[in-house]
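User: Could you walk me through this model before I head back to the bench?

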Amino acid sequence: MKIQKIKLLNFRNYDNLELEFNPCKNIIIGRNGSGKTNIVEAIYVLALTKSFRGTREDVIIKHDKDITRIEGEIKDKRKESFKVILDNNKKTVKKGKNVIKRISDYISNINVVLFTSEDLKLIKDTPNTRRKLINVELSQFSNEYLKYLTLYNKVMKQRNMYLKTLYLNGNASKEYLDIITNQLVDYGLKIYEYRKEFIDDISIYITDIYKSITNLDNLKLAYKSDYLNKTKEEILKAYKRSNNSDIRNGQTSLGIHRDDFDFTLDGINLKDFGSEGEQKNAIIALKLAELELFKNKKGIIPILILDDLYSELDKVKINNILNFINEDTQTFITTTEITKLSPKLKRGSKVFKVKNGIVEEVKYEK
Ligand SMILES: Nc1ncnc2c1ncn2[C@@H]1O[C@H](COP(=O)(O)OP(=O)(O)OP(=O)(O)O)[C@@H](O)[C@H]1O
Ligand SMILES: [Mg+2]
């Protein structure tokens, strides 16, 4: 899958920007704050309809404007145009000329794997951050996943509300709680299955990839879930056991909303004991494993974005990473330091130079 063109209106620090990309490697250079990440962020938003930076969706709209539009041409088996329009807080997404009503139906169309310095928090951060990553990946993998997740969250809200009702009114029906719980577990098990398979699959690749980056063995990924290896009956029993405390707390204490995953290196948990370097390598290995998974399971090569990799890792590791990436993978690399790029990489890439929101192509002698 390749992005051939992008056209931006009022996106971050760009008024109007149109770029044509190389099907293989694209390098974006420029000083801090010039607008490099903004370009790759636009590609990400085109794919996932929202940014990986910030929590408010409207931060991507240029200051003092109220609408932003991102248009892109994607070539996979066929060529197709996509659009994401954010007008104040109303979002419209289009595939070709058609407005796609459900975001979950849109998101699986364009596949990107992104590495950014924000990801470095992944291992140390709260489980919520790690679940978010899984959700982003799986919703690109399957539009069913996001539907089930939305349904699960809806039912969980209902359940929490009903727990509060039960707390205030001891006579309210307990059977109704069982009905909601049963529904919750059905949706939860669907999500569990997707996540379990995803983590099992990633685990197949991640050890070898980690080894090819660092020459060290034994990075493993482990899924943690209340539902892990349990039957539906066992899960329902566990809910029953926690009913009373759930009612007291007004919250559902069990479920896939508490899922997490761990990285271990030679059996040692990276969260508690890993060095910063080990964590960075583990995260980049995870991203590259996702890439492999897309290729092998979906037959699709996602667009790979490596934002600011050079400031995060040493030269040897970066070379190992770049050697790992196949010529068929369209790759975007942003960096402040052109001198860190090898002449071979510069010659084989399309290089864009960004200065205060102006983007120019730089030519190198072949
Ligand atoms: N909504 C917005 N409207 C206008 N400008 C914005 C908006 N959001 C961010 N910017 C500007 O975009 C610039 C940052 O761009 P970006 O994050 O792409 O920089 P960068 O080149 O990746 O820098 P670094 O090397 O530090 O990562 C900043 O100058 C910031 O003020
Ligand atoms: Mg940046």
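Analyst: What follows takes the ligand site, then the overall fold, then one sheet. This is a predicted model, in which local features need pLDDT of at least 70, side-chain atom pairs count only at pLDDT 80 or more, and totals for chains, interfaces and linings use all residues. Residues are numbered from 1 along each chain as its sequence is written, and chains are lettered from A and ligands numbered from 1 in the order in which they are written.

User: How many residues surround ligand 1?

Analyst: There are 16, and the closest are Asn13, Asn32, Lys36, Thr37 and Asn38; a residue counts as near if its C-beta atom, placed from the backbone, lies within 6 Å.

User: Which helix gives the largest share of that shell?

Analyst: Helix H1 (residues 36–48) does, with three residues; helices are DSSP runs of H or I with at least four residues, and strands are runs of E with at least two, numbered from the N terminus.

User: OK, and the whole chain, how many helices and strands?

Analyst: The chain has 11 helices and 15 strands, and its C-alpha trace spans about 80 × 50 × 35 Å along the principal axes.

User: What order do the strands take in the sheet with S10?

Analyst: The order is S9-S10-S11, an open, antiparallel sheet of three strands, where pairing requires at least two DSSP bridges between two strands. The edge strands, S9 (219–224) and S11 (268–269), each pair on one side only.

User: How many bridges join S9 to S10?

Analyst: Six bridges join S9 to S10 (residues 260–265), and Lys224 has Asp260 in S10 as its bridge partner.
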